[in-house]
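Visitor: Hi! Could you walk me through a protein structure today?
Guide: Happy to. Let's get it on the screen.

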Amino acid sequence: MSLIALLPGDGIGPEVVAQARRVLEALPLDLTFEEAPVGGAAYLEKGHPLPPATLALAKRADAVLFGAVGDPRFDAVERAFRPEQAILGLRRELGLFANLRPAKLFPGLEDASALKPEIAGAIDMVIVRELNGDVYFGDKGRRTTLEGLREGYDLMHYNEREVERIARVGFETARVRKKRLCSVDKANVLETSQLWRDVIKSVATEYPDVHLTHMYVDNAAMQLVRDPGQFDVIVTGNLFGDILSDQASMCAGSIGMLPSAALATGKKGLYEPIHGSAPDIAGQGKANPCATILSAAMLLRYSLDDKASAKRIEQAVEGALVAGVRTPDLGGTATTVEMADAILDRLA
């Protein structure tokens, strides 16, 4: 029996996680679920966005299915207690260093993309994002300059070991796809990126079967719009990966469609939709559950090594979309539950 930790979080998180659980429970799998508060909801209930009991459950579980965190009500709270610190804490405590974010345009969603249908239809990539370094985890703070001006600072840094391990995830991911890897950096300006590029080139000698290219992040952002079909696997740092994966989601139709996996060494993983908590639509039944349901499929594939069940879920999502079922973000009228119902119908 495998234990799945459910951490719904804030905003639409509880709504979409509930539907993903329905899908998992519809499969003939030996799973058990435990739920715990996280983010703003946990701060209100327990006084901390990542309470000790929640962290203990995440460590004990075989995998974590995460909803979303974030609420403008907590913008004035001390940074250490803001909802977003929960996900950063989980990444650090669980050793989740590799984020896989697949971006694919499902058949029938060409009209939902901001790109021309013939361009959007070519989107099928994976963005491999490093999760434990960069400015998100570097020294940060505020100070006063000699002129008496307030100044904020965030330190970007990577060491070669951190780059090596995410590079290998990128190369291994490319090796089982089309054997093309594009490393994205800003080596013409940032010393951190120059080290990144040097290490990527060194690791590339271990993967002669994978074709490696390099691209500056500003050009990569442009190319994602101009010709996204040129990309198969992208490997990049924490900050650039955060931005580019959100951009890729809109190219693929909606941020409500993209799942993600945050992986540690071994089978431990945290799975979540890349969209935020969207408090403006929380409780209205408008949230698209597809990204969370597809995240559950990734959970089965990577943490439980059940590729067949993962494929069943992915095909059921595709079948519902091909049948024309759409939530509002995709131009339709289906509610969160109705979208999940359509997926469950095809899963059966």
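Visitor: Is R143 buried, partly exposed or exposed, and what is its relative accessibility?
Guide: Keep in mind that this is a predicted model. R143 counts as partly exposed, because its relative accessibility is 43% and the partly exposed class lies between 20% and 50%.

Visitor: Which residue does R143 form a salt bridge with?
Guide: R143 pairs with E151, and the closest N and O atoms are 2.7 Å apart.

Visitor: And E151, buried or exposed or in between?
Guide: E151 is partly exposed, with a relative accessible area of 32%.

Visitor: Why would two side chains pair up like that?
Guide: Side chains of opposite charge can pair when their charged atoms come close.

Visitor: How many salt bridges does the structure hold?
Guide: There are 19 salt bridges in the structure.

Visitor: Cool, show me another. What does E206 pair with?
Guide: E206 forms a salt bridge with R168, with 2.7 Å between the closest N and O atoms. This pair links distant parts of the chain, 38 residues apart: E206 sits in the loop between α7 (191–204) and β9 (211–216), while R168 belongs to helix α6 (residues 160–175).

Visitor: How accessible are those two?
Guide: E206 is partly exposed at 41% relative accessible area, and R168 is partly exposed at 30%.

Visitor: Where do R301 and E314 come in?
Guide: Their side chains meet in a salt bridge, 2.7 Å from N to O. R301 is in helix α10 (residues 290–302) and E314 is in helix α11 (residues 307–322), so to speak of the chain, the pair links distant parts that are 13 residues apart.

Visitor: Which residues do shared salt-bridge partners join into one network?
Guide: D124, R177 and D232 are joined that way.

Visitor: New topic: how many cavities of 30 Å³ or more are there?
Guide: The count comes to 1 cavity of 30 Å³ or more. About 80 Å³ of space lies in the largest cavity.

Visitor: What lines the largest cavity?
Guide: The lining residues are D134, M156, Y158, V184, D185, T192, S193, W196, G237 and F240. By class, that lining has 5 nonpolar, 3 polar and 2 charged residues.

Visitor: Which element gives the largest share of the lining?
Guide: That is α7, with 3 residues. Both β8 (180–185) and α7 supply at least two residues of the lining of the largest cavity.

Notes: Residues numbered from 1 in each chain as written. Predicted model: local features only at pLDDT ≥ 70, side-chain atom pairs only at ≥ 80, totals over all residues. Heavy atoms only, no water. Salt bridge = Lys/Arg side-chain N within 4 Å of Asp/Glu carboxyl O. Buried < 20%, exposed > 50% of the residue type's maximum accessible area, 1.4 Å probe, protein only. Helix = DSSP H or I, 4+ residues; strand = E, 2+ residues; numbered from the N terminus. 1 Å grid on protein atoms, 1.4 Å probe; cavity = no way out; pocket = protein on both sides within 12 Å on 5 of 7 lines; lining within 4 Å. Points joined across faces, edges and corners; volume = space filled by probe spheres on them. Nonpolar A, V, L, I, M, F, W, Y, C, P; charged D, E, K, R; others polar.
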